[in-house]
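Subject: Structure handover

Hello,

Here is the structure we talked about. My notes on what turned up in it follow below.

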Amino acid sequence: MKRFLLMVSLIVAMLVVMPNVKAADAYYNVSYDQSEWTKKDDGSYYINKIYYVEKTVNGYVYLKLIETNNVKITASLAGSNFTIVNETREENGISYLLKVKDGVNVSGKTEAITVTADIVDASKKECQLDYSPLGLSCMTIDDHYFDKDSKEVTEEEAQASCEGVTPSNPNDVPSPDTGSVIPYIAIGGGLVAIAGVYLYSRKSNKVYKI
């Protein structure tokens, strides 16, 4: 029984604590507005999607927009309070590093970026453009260096701060409904632990039956 309770405790720790590991990076409280499909002169369609944040991480927002289904990002424009300091095209979307303009204090819902995405196949009658908030702890993006507390520093300061620290590499799973993220490691750890409890329980049941 003690072993069973211990394993249950481990499961709770994995599922509750681990998904919050990157929560220190705030995740910006993202929300969005999406337009209806708009027809172009050539007969194709596109959508516009505006992303808002309520806070930043030390003046930055790091966000990946994911071309989940039937869309291709073709244009982007930072909100009036932000500038795009890095834009990286990836296999399934684009990652944007946004910086608050000097003298601006982001408080409350603020437009961060607007993107235009073409509909790849209008016959499908559906599309999906998701987002994944990314962490900045110990990241290097172009000539921007961040320490373990996600503050922009010099290269030397970042190396000193992040020595022995694994840089953020957010492989997050976006939820189509909420846009929230769940680290793969938490999912895997939880499943392994649950499997362990199941096997242990079956073994225990066989012992009692004997």
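I will start with one pair of strands: β11 (residues 144–146) and β12 run antiparallel and are joined by two bridges. Please keep in mind throughout that this is a predicted model. One residue pairing can be named here, since Phe146 has Glu152 in β12 as its bridge partner. Helix α2 (residues 155–162) packs on the sheet, where it touches β11 and β12, and its direction makes about 25 degrees with that of β11.

The sheet itself is open and consists of three strands in the order β10-β11-β12, with antiparallel pairing. Its edge strands are β10 (140–141) and β12 (152–153), each of which pairs on one side only.

Next, Asn86. This residue sits in strand β6 (residues 82–90). Its relative accessible area is 7%, so Asn86 is buried, the cut-off for that being under 20%. The side chain of Asn86 makes a polar contact with the side chain of Asp142, at 2.7 Å. Leaving aside residues up to four places away in sequence, Asn86 touches Ser95, Tyr96, Leu97, Ile141 and Asp142.

Then the aromatic residues. The structure holds five aromatic pairs. In one of them, Tyr32 and Tyr131 meet edge-to-face, with 6.2 Å centre to centre and 70 degrees between the planes. Tyr32 belongs to strand β1 (residues 31–34) and Tyr131 to strand β9 (residues 128–133), so this pair ties together parts that are 99 residues apart in sequence. Tyr32 is partly exposed, at 31% relative accessibility, whereas Tyr131 is buried, at 5%. Another pair is Trp37 with Tyr45: the ring centres are 5.7 Å apart and the planes stand at 50 degrees, so the pair counts as tilted. Trp37 is partly exposed at 27% relative accessibility, and Tyr45 is partly exposed at 24%. Tyr32 and Tyr131 also belong to an aromatic cluster, together with Tyr51.

Finally, the chain as a whole:

- Its secondary structure comes to three helices and 14 strands.
- Of its 210 residues, 37% are buried.
- Among contacts with a separation of 6 or more, 69% are between residues 24 or more positions apart.
- The chain exposes about 12,500 Å², and carbon and sulfur atoms supply 53% of that area.

Regards

Methods. Residues are numbered from 1 along each chain as its sequence is written. This is a predicted model: local features need pLDDT of at least 70, side-chain atom pairs count only at pLDDT 80 or more; totals for chains, interfaces and linings use all residues. Side-chain values use heavy atoms; hydrogens and water are left out. Helices (H or I, at least four residues) and strands (E, at least two) are DSSP runs, numbered from the N terminus. Buried means under 20% relative accessible area, exposed over 50%, partly exposed in between (1.4 Å probe, protein chains only). Contact means heavy atoms within 4.5 Å. Accessible areas come from the Shrake-Rupley method with a 1.4 Å probe; for residues, only the protein chains shown count as cover. A polar contact is a pair of N or O atoms within 3.5 Å; within protein, one must be able to donate a hydrogen and the other to accept it, and residues adjacent in sequence count only if both atoms are side-chain atoms. Two strands pair if DSSP finds at least two bridges between them. Axes are lines fitted to C-alpha atoms, for helices over the stretch in contact, and angles run from 0 to 180 degrees between N-to-C directions. Rings of Phe, Tyr and Trp (its six-membered ring) pair if their centres lie within 6.5 Å; planes under 30 degrees apart count as stacked, over 60 as edge-to-face and the rest as tilted.
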